[in-house]
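Here's a quick briefing to read alongside the model. Have the viewer open and follow the topics one by one.

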Amino acid sequence: MGTTPALVSWNLTRACNLRCGHCYLDARAPAPRELGTEECLAVLRQMRDAGTQMVILSGGEPLLRADLTALVSRGASLGLTMVLGTNGCLLDEATASRLAACGLRGAGISLDSTHPEAHDAFRGVPGAWQGALQGASACIRAGIPVVLQATVLPWNYLEIGDLVALAAEHGAWAINFYFLVCTGRGDTMTNITRDQYWQVLGSISQAQARSPKMVVRTRCAPQVVAASQSPGALGPGCLAGVSYARVTPEGELTPCPYLPLSVGNLLEGNLSDLWQNSPVLRAIRDTTAPARCQPCHYRHSCRGCLARAFAATGDLAGEDPWCVGPVERLPPDGRPTTWTPAADELLARVPSFLRPMVRQAVEGYARRQGDAEITPQTVARVRELMRPAGPAEPRPRTGS
């Protein structure tokens with residue numbers, strides 16, 4: 001199965017200015033042997049040659065790397081879409097302006113609650129909530145589109161609607177809801193239950209319906225990604241090892257940040273070769289649905305979260321503990337509406353790793369409008385709604 005690592009998440013450093021309880025990297029201080037600037041530049045060239053389209057520069061906290069602007073600039077010059085994954089606290093006006101000038105195309109900023117004290121307690125540092133929103137504001141004023149990112153946990157899973165409203169209020173164009181995979185520091189945390197998981201998926205859909213100008217997405221929820229495709233579609237909803245990979249601060253290549261199985265080091269091997277020839281990645285790309293998935297309506301396009309299955313069972317072929325058994329139709333949106341050939345042609349132009357998200361956004365909009373058919377005009381309308389909002393100043397919130 002011919003694929004490319006179209007989307008790469010790169011943990012540039014283990015250094016971090018926060019102490020988040022769920023950190024999969026257990027980030028604290030720089031690792032003894034993190035890639036230097038010249039090594040990072042060589043890795044960027046490997047990504048370009050392997051067909052990578054988007055690179056997420058993350059950490060730890062990537063803004064603690066003194067060479068961050070140089071890496072963004074080089075990646076952009078190679079034709080890569082460079083985006084930042086950050087806690088936002090170190091993003092001031094000058095930094096955001098420099099990154100924008102270097103070619104940064106977007107920033108994902110972590111915000112886990114509408115209540116400052118709850119977010120700060122979770123992130124381990126007072127002022128983290130205010131810092132995140134100030135960083136978002138600085139990016140928006142610099143012309144960098146912002147996505148807010150929340151991890152869903154037992155103490156905040158009822159805040160979905162409020163978090164969507166907060167993201168819209170502060171000028172974000174989208175919000176991502178991540179579901180915890182218990183690795184790193186998160187391996188001792190209490191996760192939400194399977195029933196709460198499905199309750200949250202319903203809350204996310206309802207929040208999207210109430211906020212049509214916001215893009216509301218899930219991460220580590222392949223059951224929903226699968227439902228946005230036709231039932232017979234091939235390719236797992238989980239992108240790990242299929243079109244997505246992670247690079248560690250030391251240069252190790254893994255299928256995703258939450259699946260700590262190294263398939264080789266980019267200082268010793270080549271990204272293209274490792275991607276195409278790794279037995280682990282080849283096994284992940286096997287499109288034969290596991291026996292446990294055979295009764296399910298979405299058996300070819302989901303297979304659950306590989307990282308969650310591995311964390312729970314130690315086996316890549318293990319069962320995602322949040323699967324609910326045979327699914328005829330995933331709530332709450334049901335089967336997709338019909339795409340006209342012209343609209344389908346527009347969708348085909350979208351990079352493959354973004355296509356499920358775009359399809360989900362367009363079909364959700366069409367259903368909310370009561371449209372049975374998706375046309376190029378529908379796609380154009382959603383594209384207009386997905387454009388970054390204008391500048392917004394954070395407004396302090398209090399309460400519990």
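How many bridges join β8 to strand β9, and do they run parallel or antiparallel? There are 2 bridges between β8 and β9 (residues 253-254), and the two strands run antiparallel. Keep in mind that this is a predicted model, where local features need pLDDT of at least 70 and side-chain atom pairs count only at pLDDT 80 or more, while totals for chains, interfaces and linings use all residues. Residues are numbered from 1 along each chain as its sequence is written, and side-chain values use heavy atoms, with hydrogens and water left out.

**The chain overall**

- The secondary structure adds up to 14 helices and 11 strands; these are DSSP runs numbered from the N terminus, with helices being H or I of at least four residues and strands being E of at least two.
- Of the 400 residues in the chain, 56% are buried. Buried means under 20% relative accessible area, exposed means over 50%, and partly exposed is in between (1.4 Å probe, protein chains only).
- Among contacts with a separation of 6 or more, 73% come from residues 24 or more positions apart, a contact being heavy atoms within 4.5 Å.
- About 16,200 Å² of the chain is exposed, and carbon and sulfur atoms supply 52% of that. The area comes from the Shrake-Rupley method with a 1.4 Å probe, and for residues only the protein chains shown count as cover.

**Strand β8 and its partners**

- On β8 (residues 244-247), Tyr244 and Arg246 point one way while Ala245 and Val247 point the other, and all are buried.
- On one side of the pairing story is β1 (residues 7-11), which runs parallel to β8 and is joined to it by 4 bridges. Strands pair if DSSP finds at least two bridges between them.
- Ser9 has Arg246 in β8 as its bridge partner.
- For Val247, the bridge partner is Leu253 in β9.
- β8 and β9 make a hairpin with 5 residues between them, and Gly251 in the turn has a positive phi of about 95°.

**Salt bridges**

- The count is 7 salt bridges, using a side-chain nitrogen of Lys or Arg within 4 Å of a carboxyl oxygen of Asp or Glu. As background, side chains of opposite charge can pair when their charged atoms come close.
- Glu39 and Arg33 meet through their side chains at 2.5 Å, N to O. Glu39 is partly exposed at 24% relative accessibility, and Arg33 is partly exposed at 44%.
- Arg48 pairs with Asp49, with the closest N and O atoms 2.6 Å apart. Here Arg48 is partly exposed at 35%, whereas Asp49 is exposed at 55%.
- Arg123 pairs with Asp112, the closest N and O atoms being 2.7 Å apart. Arg123 sits in helix α4 (residues 116-123) and Asp112 in the loop between β4 (106-110) and α4, so this pair ties together parts that are 11 residues apart in sequence. Both Arg123 and Asp112 are buried.

**Cysteines**

- The disulfide count is 0, where a disulfide is a pair of cysteine sulfur atoms within 2.5 Å.
- Why is there no bond from Cys20 to Cys16? The sulfur of Cys16 is the closest cysteine sulfur to that of Cys20, but at 5.7 Å it is too far for a bond.
- Cys20 is buried, with a relative accessible area of 8%, and Cys139 is buried at 1%.
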